Amino acid sequence: MGVGFVTESGSSILKSNVWAKMIFKSNIKWVALIGLILSLFSLLLHLLLAKFSNVSLVEYSALTGLQEGLHPKLGTQRHKKLWGVVKPLESLQPYANPRSSYPVPNEKNNGFIYAKIYGGFERIRPLICDLVAISRLLNATLVIPEIQQSTRSKGISYKFKSFSYLYNEEQFIASLKNDIIIVKSLPEKLKLGRRNNEYPTFRPKSSSSPSFYIKEILPNLKKFKVIGLILTDGGCLQMFSDHPSITIKSKEPMSILPPSMSEYQRLRCRVAFQALHFRPEIQVLGHRMVERLREWGQPFLAFHPGLVRDTLAYHGCAELFQDVHTELIQYRRAQLIKQGILKEELSVDSHLRKEKGLCPLMPEEVGILLRAMGYPPKTIIYLAGSETFGGQRVLIPLRAMFTNLVDRTSLCSSQELLDLVGPETPLPLDTFKFPPAKTEEQLKEEWKKAGPRPRPLPPPPDRPIYRHEKEGWYGWITETETEPNPSPMDLRMEAHRLLWDALDCIVSVEADAFFPGFNNDGNGWPDFSSLVMGQRLFENPSSRTYRPDRKILADLFNITRDNMYHPKHNWTLSVQELLNESISQAGLIKESLYSKPTSFLSHPLPECSCRIPSDEVPAQVTGKDGRLLYGGEDTCPEWMQRGMEMLKVDPGVTEKSKAEEVELPEYDADLDEQPETDETSGNTNTTLLFDQDEEMDPND
């Protein structure tokens, strides 16, 4: 009995333990199930929030970023301050027609001029303008000039000749029929003489004056009936300021011609802004790109970095870069010195040059300036320029601040760009050849002769040199002291850059605002931004074109160099004041003092403009040489004034202007809160939040 009782009691205890364990396990399962359900619910909730939230993620795809997070409207006052026209300049209108008696060219002239033009996009247009003016001066027939960067030797499509690869030949000839006679080629009886080098050829410098052509070139033209010109310097017609018409004498050449040649100045404008139209395929694609930017319902800003290897080398900006890029700039600078283009020392203090305003603004600095002005992170910025020295690496900070940074590859499909280029002969797929291996003695000898300049370090002995480290456009610098000759693909890419620059020029001229990273160095070195700014000034003077003073900006950046992303409020106000002044009448006058004497096309005032009568009459401004730079423009003809009056009485225009006059609260720049203590009063000022993206910190 006792044993049975014990056994029965133990069995019941055992069963209760088993049931307890089963219940415990079942509870764990329920807890796990409930946790899983909550996790799924949380995940679903986050997905819904991510889908319907107004906050968009930072995506590297520019077009995807355009579609997300764009506000349909900006405040009227904010929009006006960032994108509105410059009202004091609205009275200026483009007018480059002849003002005085202007005889039509005669077919019985002194002969023919043919020319070869060397250089990139920024040099071609000024050279053609000067070439047309010279043909008019010498009463000669101009043969369509040959653009050497787009000749067949560069491997361009068989559909185009050198000039027609970039410009519209028929438009060029028709637009200038009242100025000079232009033919597509020499007459057959004269072609043989050119092949046999029977005609004299000249290489005029950029500083060549009108008297040089009359005294040196004209006698040969009359004698041989044909002359050739080789143009390389981005210009070939200037005047020394010791001319009798100049009040202040100097020996520096200027692009401003004497008052007696004012019609030649206007001829330059007609060539640059009316006759030199890009070929139809370029114009169609360029305006299609503008339309695609407009489709998003937002204004856009065009930015050209100006980071070109030749420019950086010419001004000694090598130390602004690192490693192999510094070496490449110094190599090019040595070439410029050897060719006599540059008469300076090889090694210079790049930071001192930057403080003098001779080096381009870096994209990171431009991004900070635009944010200080109040441009929001979703601002659409078009990146112009077929070459950005330093590649995508130097653009990372700008992309971090402005996610909607686009370029031609973002707006055009690959097929559209291929159609623009036209059918080309295929090049060999693989032209890379490994250089012959160097002996240990050769390597030691090269290292001893290398000198103190920075050189790229070789890879560790245990790691092989990979192929991509050799075949880049800069790979040669790790192996040899001499830059190799351009490959067939390099020559073809040079021609393609003309097309990319043409597309960028169209978009930049049409942009609601334009910001140059580099323009007007004061030495007459041609640059893309100056051409764009001059064309915007001619066609639409009241558009927002920033003219930053790089010297003053360098001082401002030195003040806050250690705290660039958290500047003080006074610093922000100084930037706003400086840049707002640069787009105004005062900024235009200041820029003209530097730009016009060296590059007429960057400031085609007052010769190529007229002024609609208004209540405010600007004061006349003259340069150091006594020449008129601003003000004193001719009054626009009556037909133009009547057209402007019709626009003013348009009800739609009137209502729009009234809407713009509505005053809304002022805006501030989107800058980080950074307390600033007033030492005299003890008060603290703060700025607003700088919406800096933490996931793409430029310092990483």
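In which strand is I230 found? I230 belongs to strand β7, which covers residues 226–231; the legends below begin with this residue.

The model is predicted, so local features require pLDDT of at least 70 and side-chain atom pairs count only at pLDDT 80 or more, whereas totals for chains, interfaces and linings use all residues. Residues are numbered from 1 along each chain as its sequence is written, and side-chain values use heavy atoms, with hydrogens and water left out.

**Figure 1. Surroundings of I230 in strand β7.** Strands are DSSP runs of E with at least two residues, and helices are runs of H or I with at least four residues, numbered from the N terminus. I230 counts as buried at 14% relative accessibility (buried: under 20% relative accessible area; exposed: over 50%; partly exposed: in between; 1.4 Å probe, protein chains only). Apart from neighbours within four places in sequence, the contacts of I230 are K116, Y118, T201, F202, R203 and P204 (contact: heavy atoms within 4.5 Å). Of these residues, T201 lies 29 residues from I230 along the chain, and their C-alpha atoms are separated by 7.3 Å.

**Figure 2. Overview of the protein as context for the close-ups.** The secondary structure consists of 24 helices and 20 strands. Of the 700 residues in the protein, 47% are buried. When contacts between residues at least 6 apart in sequence are considered, 77% join residues at least 24 apart.

**Figure 3. Helix α9 and its buried face.** Helix α9 comprises the 15 residues 280–294, for which a rise of 1.5 Å a residue predicts a span of 21 Å; the end C-alpha atoms are 21 Å apart, which agrees (expected span: 1.5 Å times one less than the number of residues). The residues of α9 that are buried are I282, L285, G286, M289, V290 and L293. Seen down the axis of α9, these buried residues fall within an arc of 145 degrees, so they line one face of the helix (arc: that of the directions from the helix axis to the C-beta atoms). The elements covering them include strands β10 (300–304), β11 (380–383) and β12 (405–406), together with helices α15 (408–411), α16 (414–421) and α18 (488–510).

**Figure 4. Packing of α9 against α18.** Two packed helices are described by the angle between their axes and the distance between the axes. For α9 and α18 the angle is about 45 degrees and the axes are 9 Å apart (axes: lines fitted to C-alpha atoms, for helices over the stretch in contact; angles run from 0 to 180 degrees between N-to-C directions). The two helices are therefore oblique to each other (under 35 degrees: roughly parallel; over 145: roughly antiparallel; 65 to 115: roughly perpendicular; the rest: oblique). The contact involves I282, Q283, L285, G286, H287, M289, V290, L293 and R294 of α9, and L499, A502, L503, I506, V507 and E510 of α18. The crossing of α9 and α18 is right-handed (left-handed: the near helix is turned anticlockwise from the far one by less than a right angle; right-handed: clockwise).

**Figure 5. Packing of α9 against α16.** The axes of α9 and α16 come within 9 Å and cross at roughly 155 degrees. This makes α9 roughly antiparallel to α16. Their crossing is left-handed. On the α9 side, E281, I282, L285, R288 and R292 meet E416, L417 and L420 of α16.

**Figure 6. Helix α8 and its enclosure.** For the 14 residues of α8 (residues 262–275), the expected span is 20 Å and the end C-alpha atoms are 18 Å apart, which agrees. Because 12 of the 14 residues are buried, α8 is largely enclosed by the rest of the structure. The buried residues are E263, Y264, Q265, R266, L267, R268, C269, R270, V271, A272, F273 and A275. Among the elements that cover them are α4 (121–137), α5 (169–175) and α19 (528–539).

**Figure 7. The loop between α22 and β15, with H603 and P606.** H603 lies in this loop, between α22 (585–595) and β15 (609–611), and is buried, with a relative accessible area of 1%. Leaving aside neighbours within four places in sequence, H603 contacts L537, L588, S592, S595, K596 and L629. P606 has its place in the loop between α22 and β15, and a cis peptide bond with omega of about -5 degrees joins L605 and P606.
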